[in-house]
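Student: I would like to learn how to read a protein model feature by feature. Could you walk me through one?
Tutor: Gladly; let us look at it together.

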Amino acid sequence: MTAPFKQHLIDPEICIRCYTCEMTCPLEAIEHDDNNVVVNAEICNYCMDCIPVCPTGSIDEWRVVKTPYSLEDQFGWDELPDQQDIGPDEAATGLEALDDAVAVLLADAHKGAGGKARAPASAAKPTINLYNLAKPVQARVQGNYRLTAEGSDADVRHLILDFQGKPMPVLEGQSVGIIAPGTDADGNPHLPRLYSVSSPRDGERPGFNNVSLTVKREPHGVCSNYVCDLKKGDTVQVTGPFGATFLIPNDPEARILMICTGTGSAPMRAFTMRRQRTVGKKSGGMVMFFGARTPDSLPYFGPLAKVPSSLLQKHLVFSRVPGQQKEYVQDRMRVEEDIVADMLQDPLTHIYICGLKEMEDGVELAFSNIAESIGQQWIALRDAMREEGRYHVETY
Ligand code: FAD
């Protein structure tokens, strides 16, 4: 008889196939096929290095098993199996100590803003992994427009992809993968890179089967340079859609607090357009703190200015304007603490944070200070909001 043990698994419904866990695992215990990313139970030693780097929390799944699920089992899954009934006596064998050890490691891995996310209760059900590595879909580039001023420090592009009659059912907040042509240094095809969809579910143009992305050129980056250089009419291989939790509530009364930097504005644009097209002035309200170095390098600066403040309260924050004091999103959140505090206390509020990983600590601290000012403990509040599907972080 095999002693029961706790097997580390990845939730294929929530995983966005960014492969960050695979690249992080020091033991190479994580691998992928065309469909799923999985953990090899024979190699995983519970080091937890993969937990904090996962943008979705899909990596944080555990099942007590007598016989571990094989890689083949896991590659075939569309969803995680339920916990099996392994019997009370056997379940007790040696598991408590392991449980405690795993709990300690997990608590440490969850210290940051990351952690297991849930979708808003009223969110629409997303389609996931319709196109995978073996079967990507081909899209045609309808447009590629520079969003930031020529000569500014960031080259950020607005890409419009036309799926030409092939279904690409995305929800706001989901991402798609783009496969750059060619091979990596080991001669393997490039892994897809993820890009958040910046258009609403009914298309960049309503009723058209197109999706927009917001892509920043990274120095020497394989895929971002490929995408930023695409021309109208080029074709591109796309996987996805991915992401089942960073979704907008369908409830029009929900209040939405968005905090973003750079291309983290992509899902926020999609959320705003969704509300604009569906509920308009009847929206429960949206507040945005959006940080960039300068107005020239803030994607969608012009179009954002035209969004009425009755729909979206905008706080555009700049850290490198000559002659002005540096200001980051967390600084402006403190200046606007009344509205943030009001939203924190409202059970209809949903928080979305998207952009550079480095923004998390400052934003967390600002939330912590503001929560304290209203007699609340931020960590408890945040964890309760996350549990209720009202707190969402996607940083990369
Ligand atoms: P890679 O080739 O993978 O290189 C990675 C990094 O290493 C880059 O920063 C690059 O500058 C650096 N590098 C590579 N080679 C060298 C070298 N020789 N010397 C020095 N530095 C080097 N990005 C967006 O722009 N928009 C989005 O909406 C978006 N959404 C995302 C959503 C999620 C959930 C995640 C996980 C990521 C998202 N990203 C987004 C990031 C995106 O997936 C890519 O990671 C990014 O475009 C860089 O990919 P790349 O292939 O260009 O860089």
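Student: Is Arg118 buried, partly exposed or exposed?
Tutor: This is a predicted model, so keep that in mind throughout. Anything from 20% to 50% relative accessible area is called partly exposed. Arg118 counts as partly exposed because its relative accessibility is 37%.

Student: Which residue does Arg118 form a salt bridge with?
Tutor: The general idea comes first: side chains of opposite charge can pair when their charged atoms come close. Here Arg118 forms a salt bridge with Glu387, and their closest N and O atoms are 3.1 Å apart. This pair links distant parts of the chain, with the two positions 269 residues apart: Arg118 is in the loop between helix H5 and strand E5, and Glu387 is in helix H12.

Student: How many salt bridges are there by this rule?
Tutor: The count comes to 20 salt bridges. One of them joins the side chains of Arg63 and Glu61, at 3.3 Å from N to O. Both Arg63 and Glu61 are buried. Another salt bridge is formed by Glu360 and Lys357, with the closest N and O atoms 3.9 Å apart. Glu360 counts as buried because its relative accessibility is 12%, whereas Lys357 is partly exposed at 31%. There is also a network, in which salt bridges with shared partners join Arg146, Glu150, Asp155, Arg157, Arg217 and Asp229.

Student: Now the backbone, please. Which peptide bond is cis, with omega near -5°?
Tutor: As background, most residues other than glycine have a negative phi, and most peptide bonds are trans. In this model the bond from Gly240 to Pro241 is cis, with omega near -5°. Pro241 belongs to strand E10, residues 235-242.

Student: And where is His220, which has a positive phi?
Tutor: His220 sits in the loop between strand E9 and helix H6. Its phi is about 65°, although His220 is not a glycine. His220 counts as exposed because its relative accessibility is 81%. Tyr300 also has a positive phi, of about 70°, and is not a glycine either. Tyr300 lies in the loop between strand E12 and helix H8. With a relative accessible area of 7%, Tyr300 is buried.

Student: How do I read a helix? What span should the 14 residues of helix H7 have?
Tutor: An α-helix has 3.6 residues a turn, so residues three or four places apart point the same way. For H7, residues 265-278, the expected span at 1.5 Å a residue is 20 Å, and the end C-alpha atoms are 20 Å apart, which agrees. Because 10 of the 14 residues of H7 are buried, the helix is largely enclosed by the rest of the structure. Among the buried residues are Met268, Phe271 and Met273, and also Arg269 and Arg275. Just after H7, Gly280 takes a positive phi of about 50°.

Student: What about a strand? Which way do the residues of E14 point?
Tutor: In E14, Thr349, Ile351, Ile353 and Gly355 point one way, and His350, Tyr352 and Cys354 point the other way. With 7 of the 7 residues of E14 buried, the strand, residues 349-355, is largely enclosed by the rest of the structure.

Student: Which strands pair with E14?
Tutor: Strand E11 pairs with E14 in the parallel sense over 6 bridges. There, Met258 stands opposite Tyr352. Strand E15 and E14 also pair in the parallel sense, over 5 bridges. In E15, Tyr391 is the bridge partner of Ile351.

Student: Last topic, the ligand. Which residues around the ligand come nearest?
Tutor: Of the 19 residues around the ligand, Leu194, Tyr195, Pro219, Cys223 and Ser224 come nearest. E8, E9 and H6 each supply at least two residues of the shell, and the largest share, 4 residues, comes from E8.

Student: Which polar atoms lie 2.9 Å from an oxygen atom of the ligand?
Tutor: One is an N or O atom in the side chain of Arg193. The backbone also takes part: a polar backbone atom of Lys216 is 2.9 Å from a ligand oxygen, and a backbone N or O atom of Val222 lies 2.9 Å from a ligand oxygen. Taken alone the ligand exposes 960 Å², and the protein buries 67% of that.

Methods:
Residues numbered from 1 in each chain as written. Predicted model: local features only at pLDDT ≥ 70, side-chain atom pairs only at ≥ 80, totals over all residues. Heavy atoms only, no water. Salt bridge = Lys/Arg side-chain N within 4 Å of Asp/Glu carboxyl O. Buried < 20%, exposed > 50% of the residue type's maximum accessible area, 1.4 Å probe, protein only. Expected span 1.5 Å × (residues − 1). Pairing = 2+ DSSP bridges. Near = heavy atom within 4 Å. Polar contact = N/O pair within 3.5 Å; in protein donor to acceptor, adjacent residues only side chain to side chain. Areas by Shrake-Rupley, 256 points an atom, 1.4 Å probe, with all protein chains shown as cover.
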